[in-house]
Structures are given as C-alpha cells and as structure tokens.
Amino acid sequence: MKRRRFLQLNALATAAFLTRSLNAKTRASANERLGVGIVGLGSRGFNLLDEFLVHPEVQVTAVCDVHDLHYRDRPWGTGPAMGRVPARLAVEEKYGKARKSGTYRGLMLTSDYRYVCDFDRVDVVVVATPDHWHAGCVLAALEKGKDVYCEKPVTHLFAEGQQIVEKVNSTGAVFQTGSQQRSDKLFQRAVNLVRNGVLGEISSIEVGLPPGYDQPQASIETPQPPIGLDYEMWCGPSPKLPYMRARHHRWWRGSRAYGGGVLMDWIGHHNDIVHWSLNLDKGGPTVVEAVDWSFPETDVYNTPHHYTIRCEYENGVTSTISDKNTLGTKWIGTNGWLHVTRGKITASDTRWVGKDFNPGDERVEQVISHVDNFVQNVHSRGICLAPAETAHRSITPGHLGYVSQVLQRPLKWDAEREVVVNDDEADRMLKSVDYRSNWESLLSQRSDKS
C-alpha cells in the first residue's frame with residue numbers, strides 16, 4: 001500500500017479507536033492489572049512494549065509517538081515497522097481474545113505524551129523517547145501521580161536529572177531506569193566478586209564504551225519532514241535543526257541538541273556497574289577530567305568520536321571511561337583483574353567466574369527481569385534496582401566530562417552537594433538549561449542545590 005493512503009486509512013481508524021477508549025475512563029482497582037502507557041515507539045520502545053504485553057500483571061492501555069509509521073534508519077517498508085500505528089496493531093493482536101471476553105477496554109492512541117499522563121487508565125508511564133524528551137515526559141507523569149519506567153540515560157541535561165530525583169522523592173513515586181545490565185546474572189556476579197573483596201583492594205577500573213560517529217550515518221539532505229511525523233513536537237524543547245535522516249531515527253544522539261553521543265548512550269550501562277560495585281549509588285567521583293577527545297569532521301554531529309574521561313574517587317580508586325578500553329567493565333585489584341561485558345565474564349583467576357565459586361556473604365539483589373522488578377515494586381511500593389538517583393549519579397561523570405572538555409581543565413566534584421568545587425563557571429555550565437522559548441516551562445523549576 002502507498003504510504004500516503006496507508007496513513008489516511010489509519011487516521012480514520014485511529015479517530016474511532018481513540019473515541020471508544022476515552023469513553024471508558026475508569027481507573028483500574030488495586031486488584032486489577034496495572035495500566036501501562038508507553039511514550040516513544042522506536043526500537044527500544046518496541047522492546048519494552050513486547051515485554052509489557054506478555055506480563056500477566058499489566059495491560060497496555062495507551063501508546064504515544066509523534067511518528068505514525070517508520071522503519072528507523074532503514075528504507076521505507078524494510079525491516080520492523082515502528083511508530084504508533086504498528087504499536088496499536090501489536091497491542092490489538094495481543095489482546096484480541098481479551099477484547100472478545102470484555103476484559104480489554106481499548107487503547108488510547110495519541111501523539112501527545114500529556115494525554116497519556118492525564119489518562120485515568122494509565123497507572124505507569126514508560127518513557128522510551130530520545131534523550132532530550134526524557135525530562136519533559138517523566139516530570140509530567142510524576143506530576144500526575146504516575147509511576148515511571150524511563151530509559152537510560154535518565155536525562156539529557158544534568159539539571160533535569162536533579163529535578164527528577166527531587167520530584168521522585170517528593171511524590172513517593174516508584175521509578176525504574178532502563179539500565180537493565182543490573183538484571184543480568186553476569187553483571188550481578190561481577191559486582192558480588194568486587195564487593196566481597198575477592199579481587200583484593202581495587203586500584204583502578206577501565207570502563208569501555210563504543211566510539212562515537214565519525215561521519216554521517218545516513219543522508220544529510222534536508223527535505224521536508226516525512227508525512228506522519230510531527231517534527232516540531234519531535235524537536236520539542238531542543239533546537240529545531242533542519243530535518244535530515246542522519247540525525248533523526250537512531251542517529252539523533254550524534255547531535256548535542258538531542259543526545260550526548262555514544263558516550264552518554266552507554267555510560268548509563270557500564271559506568272552504572274562501576275558505581276554499583278563500589279557502593280556509590282548515591283555518590284560519585286571527586287575529580288573528573290576529559291582527555292584525548294576528537295570530533296568528527298562533519299557539522300552534522302558535534303559529539304566526540306574518540307573520548308576518555310578520567311575519574312578519581314575518595315576511596316583512592318581511579319577509573320577511565322573511554323572508547324579505547326575494551327567494551328565492558330574491568331576491575332584491577334591487588335589479587336588480580338575481572339572483566340564483564342554482555343554475555344561474557346573473564347578473570348585472571350578462572351575459579352572466580354566458575355558457577356560454583358562462592359564470592360562471599362554480600363550479595364546484590366538477584367533480579368532476572370528489569371520490567372518484572374519494576375512491576376513488583378509498583379505493587380509493593382518498594383525501591384527498584386535502578387532508581388532515579390542511582391541513574392542520575394551513574395551518568396554524572398559524562399555530564400562533567402563534557403564541561404571539562406569545553407573548559408579544558410579538570411573539575412573537582414563535591415558529590416554530596418552536587419557542586420563543582422571552586423569553579424563557578426563550570427558549575428553554571430553543568431547546570432544550565434536552555435530550552436526553546438515556547439518550551440521554557442517544561443522544567444517547572446530548576447534545582448537550587450549549591
């Protein structure tokens with residue numbers, strides 16, 4: 001079917017479907033399944049949609065995306081379809097039998113996240129948008145009394161992270177960040193080994209992340225945005241740069257307007273494991289310095305291709321966060337070394353990584369499903385494995401690294417007060433928020449920590 005005709009037919013179906021849904025605004029009781037609204041139906045959004053659709057204790061009641069239908073970075077019609085139309089079809093297919101039995105009451109379909117946050121049949125909001133939209137969606141959901149599952153990095157800007165932490169604390173909301181490596185048995189085993197002193201005294205840590213984009217990853221032509229995309233809304237609070245495929249679906253994080261590059265994409269995974277292993281979920285480094293950064297020779301992107309961030313911690317541990325390190329997390333101690341990455345764990349002493357090896361009495365929570373951990377804590381009002389403050393502090397060295405790179409000097413960091421010590425210029429730069437004029441109210445108040 002031609003794209004324009006497809007979207008015209010979908011618009012008619014959507015209008016009727018939305019009307020039916022809005023006529024049934026009855027909030028689920030405590031004994032019923034949790035209503036889930038998902039904002040952002042790209043690749044990661046669909047991964048989460050699939051997980052929530054099969055969870056027996058929830059029902060997806062709303063989906064939201066500013067793009068009707070797309071194929072991420074692929075040509076039209078190739079690969080998995082994404083956007084709110086395919087999301088609606090996936091939900092309808094999954095709940096087909098429930099619709100016949102009357103246990104499924106319809107789906108809200110919208111391009112505006114605020115309708116999801118207002119919807120009575122949404123108990124939890126899942127945010128899987130590009131980074132520059134995380135804060136706006138999360139704060140709106142928290143303001144409406146919803147619990148939140150938000151992808152990492154938890155925010156695009158440092159001050160947004162402070163604001164979310166404060167809002168979660170003041171509302172008592174349950175919050176889970178999509179740093180799902182915490183729910184992986186290999187990363188849990190690695191953290192247990194470090195925490196129990198198997199490696200002896202840790203001296204240094206190597207955090208390996210992928211390199212950034214060195215050249216445009218797609219077309220740099222600047223046509224009109226495609227039919228079915230609300231590009232004004234997609235840009236939201238960030239600068240409205242000319243539309244191009246090279247910095248839209250999948251590749252948007254190459255521009256600082258929308259993301260923090262591959263650095264901020266991955267720091268919430270492997271550096272998160274570092275902080276977990278050092279019991280620094282509410283702490284951070286004392287010194288951060290950006291060194292050896294290089295940028296692509298194109299004005300399409302302004303995030304680093306190669307980068308290293310050096311960190312010092314109060315306990316004497318030093319770390320490097322760099323694309324020059326082997327992907328994953330490596331601890332070096334007085335008794336040897338340990339390295340973990342997705343699907344693989346190795347050590348200088350092979351006994352340590354054996355399934356029968358006992359690392360000691362201290363064990364982190366054994367979670368096998370990040371989504372299930374979130375759902376169970378929504379029911380119990382407990383604390384999730386990757387709460388807001390944990391996620392915010394795990395990526396703080398990345399925020400500081402960007403400031404250090406611009407100013408070309410190391411930064412002394414007071415993690416408790418979240419202040420750059422004796423450097424007002426750096427502190428102001430770190431905490432600056434510059435939204436487009438018509439989006440200034442998105443962050444309702446700036447953090448006044450100082």
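**Notes on the predicted model**

1. Let's start in the middle of a strand pairing: glycine 37 sits opposite valine 125 of strand 4. Glycine 37's side of this pairing is strand 1 (residues 34-39), which runs parallel to strand 4 and is joined to it by four bridges. Please keep in mind as you read that this is a predicted model.

2. Strand 4 also has a partner in strand 5 (residues 147-150); these two run parallel, again with four bridges between them. Within that pairing, valine 126 faces tyrosine 149 of strand 5. To get from strand 4 to strand 5 the chain passes through helix 6 (residues 134-143), making a right-handed β-α-β crossover.

3. Which way do the valines of strand 4 point? Val124 and Val126 point one way, Val125 and Val127 the other, and all are buried. As background, side chains in a regular strand alternate between the two faces of the sheet.

4. Now to another sheet, an open one of nine strands with mixed pairing, in the order 13-12-11-7-10-9-8-14-15. At its edges are strand 13 (344-347) and strand 15 (419-420), each of which pairs on one side only.

5. Strand 7 (202-208) is a good place to look within this sheet. It pairs with strand 11 in the antiparallel sense over six bridges, while five bridges join strand 7 to strand 10 (residues 318-322) in parallel. Valine 207 shows up in both pairings: it stands opposite threonine 329 in strand 11 and opposite isoleucine 321 in strand 10. Why is strand 7 described as largely enclosed by the rest of the structure? Because five of its seven residues are buried.

6. Further along the order, strand 8 (residues 287-294) and strand 14 (residues 411-414) pair antiparallel over two bridges. Here valine 288 has leucine 411 of strand 14 as its bridge partner.

7. A helix packs here too. Helix 8 (residues 185-195) lies across strand 7, strand 11 (328-333), strand 12 (336-341) and strand 13, and runs at about 160° to strand 12.

8. Two single residues make a useful contrast. Is asparagine 377 buried or exposed? With a relative accessible area of 10%, asparagine 377 is buried, because that value falls under the 20% cut-off. Asparagine 377 lies in helix 11 (residues 370-380). Apart from neighbours within four places in sequence, asparagine 377 is in contact with Val174, Gly382, Ile383 and Cys384. Serine 437, by contrast, is exposed, because its relative accessible area of 62% is over the 50% cut-off. Serine 437 is found in the segment after helix 13 (424-430). From serine 437 to leucine 69 the separation is 368 residues in sequence and 29 Å in space, C-alpha to C-alpha.

9. Finally, the chain as a whole. It holds 13 helices and 15 strands. The radius of gyration is 22 Å, which agrees with the value near 22 Å for a compact globule of 450 residues. The C-alpha trace spans about 65 × 50 × 45 Å along its principal axes. Of the 450 residues, 59% count as buried. The accessible surface comes to about 19300 Å², with 47% of it belonging to carbon and sulfur atoms. Among contacts between residues at least 6 apart in sequence, 71% join residues at least 24 apart.

Definitions and conventions: Residues are numbered from 1 along each chain as its sequence is written. This is a predicted model: local features need pLDDT of at least 70, side-chain atom pairs count only at pLDDT 80 or more; totals for chains, interfaces and linings use all residues. Side-chain values use heavy atoms; hydrogens and water are left out. Buried means under 20% relative accessible area, exposed over 50%, partly exposed in between (1.4 Å probe, protein chains only). Two strands pair if DSSP finds at least two bridges between them. A crossover is right-handed if, with the strands pointing away from the viewer, the path from the first strand over the helix to the second runs clockwise. Contact means heavy atoms within 4.5 Å. Axes are lines fitted to C-alpha atoms, for helices over the stretch in contact, and angles run from 0 to 180 degrees between N-to-C directions. The radius of gyration is taken over C-alpha atoms; the globule rule is 2.2 Å times the number of residues to the power 0.38. Accessible areas come from the Shrake-Rupley method with a 1.4 Å probe; for residues, only the protein chains shown count as cover.
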